[in-house]
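Take a moment with the sequence and the model before reading on. Then follow the text from one part to the next.

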Amino acid sequence: MIGTFATISDIIDILFVAILVYTAMVWLRTTRAAFVLRGIFVLAIVYLIARQFELQLTAWIFQGFFAIFLIMIVVIFQEELRQIFERVAVWSWRSSANPVQSETANTLVRTAADLGKDRIGALVVVAGSDPLARHVVGGIPLDGKVSEPLLRSIFDPHSPGHDGAVIIEHDRVTRFAAHLPLSKDLRQLVGLGTRHSAALGIAELTDALAIVVSEQRGTISAARDGRLHRLENPQELVALLERFLQKEEPNERRIWKWVPVKHLRENWQAKAIALAMAFGFWYVFVPGAKVMEATYRIPVQVQNIPADYELESFQPTEVEATFSGPRRAFYFFHPRRLKVTVDASTAESGRRTFMITPQSIRHPNEITVEEVKPQTLRLTLRRVSAEDKAAPDNGLTGG
């Protein structure tokens with residue numbers, strides 16, 4: 001199988017597809033799309049089983065379903081697909097990003113700790129690389145340097161905008177009193193309020209970091225990458241912000257450093273599955289697209305014999321047929337399922353000759369009948385007497 005590699009570009013091709021598949025698997029874990037795709041995967045398995053066992057009606061129904069599959073994907077995953085395209089655009093311009101500085105992070109930690117002690121609710125969103133404008137509704141524009149007095153004045157219970165979110169981009173408060181999309185992940189939001197739902201909602205749709213201070217409990221929570229974390233103390237927020245800054249502003253030396261072995265070991269099962277899937281895709285669509293020929297011996301069956309006649313003999317009982325088509329069409333191809341059927345409804349008593357054409361051979365749609373040898377079939381029929389008609393009919397087929 002390895003011998004089918006043409007050049008080193010095939011290996012690069014497989015590795016690149018494996019990275020895409022692994023990225024998709026990681027992305028699915030952080031979205032609700034995984035459950036929908038599992039359902040589609042189950043339906044695809046049922047369709048393949050129906051094709052394999054020639055369940056014609058079931059296969060026909062599922063074939064119509066998958067005919068509109070791409071439209072369904074766009075409709076069901078329109079939000080997720082939009083996120084993917086946005087992130088691709090962001091990655092292409094990532095060098096122009098200006099992440100939050102450590103001074104701003106320290107200010108956020110002190111402010112969150114003070115607001116928690118005073119039981120003052122707050123919601124702060126620190127932008128990452130993904131654009132936030134499409135997900136943020138309303139709010140009041142502001143271009144102010146991040147400071148503790150500014151944040152405390154915004155979240156003061158007597159301030160008109162204290163219930164909204166503060167958006168921080170490039171060390172500046174760009175908007176306050178903003179409304180964020182609410183998450184529907186009830187499992188993570190048990191016993192929590194609207195601020196936590198909004199924080200998790202923006203973390204599900206973007207790579208931003210949302211910091212929440214509970215008004216009732218005085219606790220600090222943080223949402224990132226679709227996960228809501230309850231922080232026990234401000235030091236955990238410091239560590240979380242440091243990891244966030246390292247992700248948004250990687251060290252230049254780290255960019256050119258070879259990937260450590262521990263990163264290859266992390267989640268190695270998913271990476272192995274992604275590599276196997278990529279190799280399978282390559283094997284099916286690259287070598288599998290090459291045209292090949294195969295010759296099989298196929299038994300002949302005679303059908304629709306007139307009611308007043310019975311079949312005495314026919315020659316030949318087998319034909320030799322040559323097929324061509326893409327290699328992948330022969331991967332799960334079973335020659336014993338091939339059949340040559342001859343319609344003898346027009347036959348009369350005596351020896352008759354019938355043509356064997358490619359249409360006489362039942363075969364998969366992806367392959368083509370190139371040649372049939374021999375191309376004629378000779379039948380010998382005899383008229384059935386009244387006594388013979390009264391006898392049990394065991395069927396008249398050959399092969």
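D163, R195 and E215 are linked in a network of salt bridges. Keep in mind that this is a predicted model. Side chains of opposite charge can pair when their charged atoms come close. How many salt bridges does a search of the whole structure find? The search finds eleven.

Take three further pairs. The side chains of D118 and R152 meet in a salt bridge, at 3.0 Å from N to O. D118 lies in the loop between α6 and β1, and R152 lies in helix α7 (residues 148-155), so this pair ties together parts that are 34 residues apart in sequence. D118 is partly exposed, with a relative accessible area of 41%. R152 also counts as partly exposed, at 29% relative accessibility.

The second pair is E318 and R297, whose side chains meet in a salt bridge (3.2 Å, N to O). E318 sits in strand β10 and R297 in strand β8 (residues 291-303), so parts that are 21 residues apart in sequence are tied together. E318 is partly exposed, with a relative accessible area of 34%. R297, at 51% relative accessibility, counts as exposed, because the cut-off for exposed is over 50%.

The third pair is R382 with E310, and the closest N and O atoms are 2.5 Å apart. This pair links distant parts of the chain: R382 is in strand β15, E310 is in strand β9, and they are 72 residues apart. R382 counts as partly exposed at 30% relative accessibility. E310 is partly exposed too, with a relative accessible area of 22%.

Now turn to the strands. Which strands make the open sheet, and in what order? Five strands form this sheet, in the order β13-β11-β8-β10-β14, and the pairing is mixed. β13 (361-362) and β14 (368-373) stand at the edges, each with a single partner strand, so one side of each is left without a neighbour in the sheet. Look at where β14 meets its neighbour. Strand β10 (residues 318-326) and β14 run antiparallel, joined by five bridges. There, S324 stands opposite T368 in β14.

Two cis peptide bonds come next. One joins Q315 and P316, with omega about -5°. P316 is in the loop between β9 (309-315) and β10. Another joins K373 and P374, with omega about -15°. P374 is in the loop between β14 and β15 (376-383).

Go back along the chain to strand β6 (residues 220-224). Is this strand mostly covered or mostly open? It is mostly covered: five of its five residues are buried. Both faces are covered, with I220, A222 and R224 buried on one side, and S221 and A223 buried on the other.

β6 has two antiparallel partners. Strand β5 (residues 209-213) pairs with β6 over four bridges. In this pairing V213 stands opposite I220. The two strands form a hairpin with six residues between them, and G218 in the turn has a positive phi of about 75°. Strand β7 (residues 227-231) pairs with β6 over five bridges. Here I220 stands opposite L231. β6 and β7 also form a hairpin, with two residues between them, and D225 in the turn has a positive phi of about 55°.

Other positive phi angles appear elsewhere. R119 has one of about 55°, although R119 is not a glycine. R119 is found in the loop between α6 (102-117) and β1 (122-126), and R119 is partly exposed, with a relative accessible area of 46%. A177 is not a glycine either, yet A177 has a positive phi of about 60°. A177 is in strand β4 (residues 172-178). At 16% relative accessibility, A177 counts as buried.

Helices finish the walk. The 18 residues of α12 (residues 268-285) should span 26 Å at 1.5 Å a residue, and the end C-alpha atoms are 26 Å apart, which agrees. Which residues of α12 are buried? They are A270, A274, A278 and W282. These cover an arc of only 110° around the axis, which puts them on the same side of α12. On the other side, W268 and A276 are exposed.

Last comes a nonpolar surface patch of about 760 Å², made by F41, V42, I45, V46, L48, I49, F53 and L55. Within this patch, I49 belongs to helix α2 (residues 33-52). I49 is partly exposed, with a relative accessible area of 43%.

Definitions and conventions. Residues are numbered from 1 along each chain as its sequence is written. This is a predicted model: local features need pLDDT of at least 70, side-chain atom pairs count only at pLDDT 80 or more; totals for chains, interfaces and linings use all residues. Side-chain values use heavy atoms; hydrogens and water are left out. The expected span of a helix is 1.5 Å times one less than its number of residues. Buried means under 20% relative accessible area, exposed over 50%, partly exposed in between (1.4 Å probe, protein chains only). The arc is that of the directions from the helix axis to the C-beta atoms. Two strands pair if DSSP finds at least two bridges between them. Patches are made of residues with over 30% relative accessible area and no salt bridge: like charges are joined within 9 Å, nonpolar side chains (Val, Leu, Ile, Met, Phe, Trp, Tyr) within 5 Å. Accessible areas come from the Shrake-Rupley method with a 1.4 Å probe; for residues, only the protein chains shown count as cover. A salt bridge is a side-chain nitrogen of Lys or Arg within 4 Å of a carboxyl oxygen of Asp or Glu.
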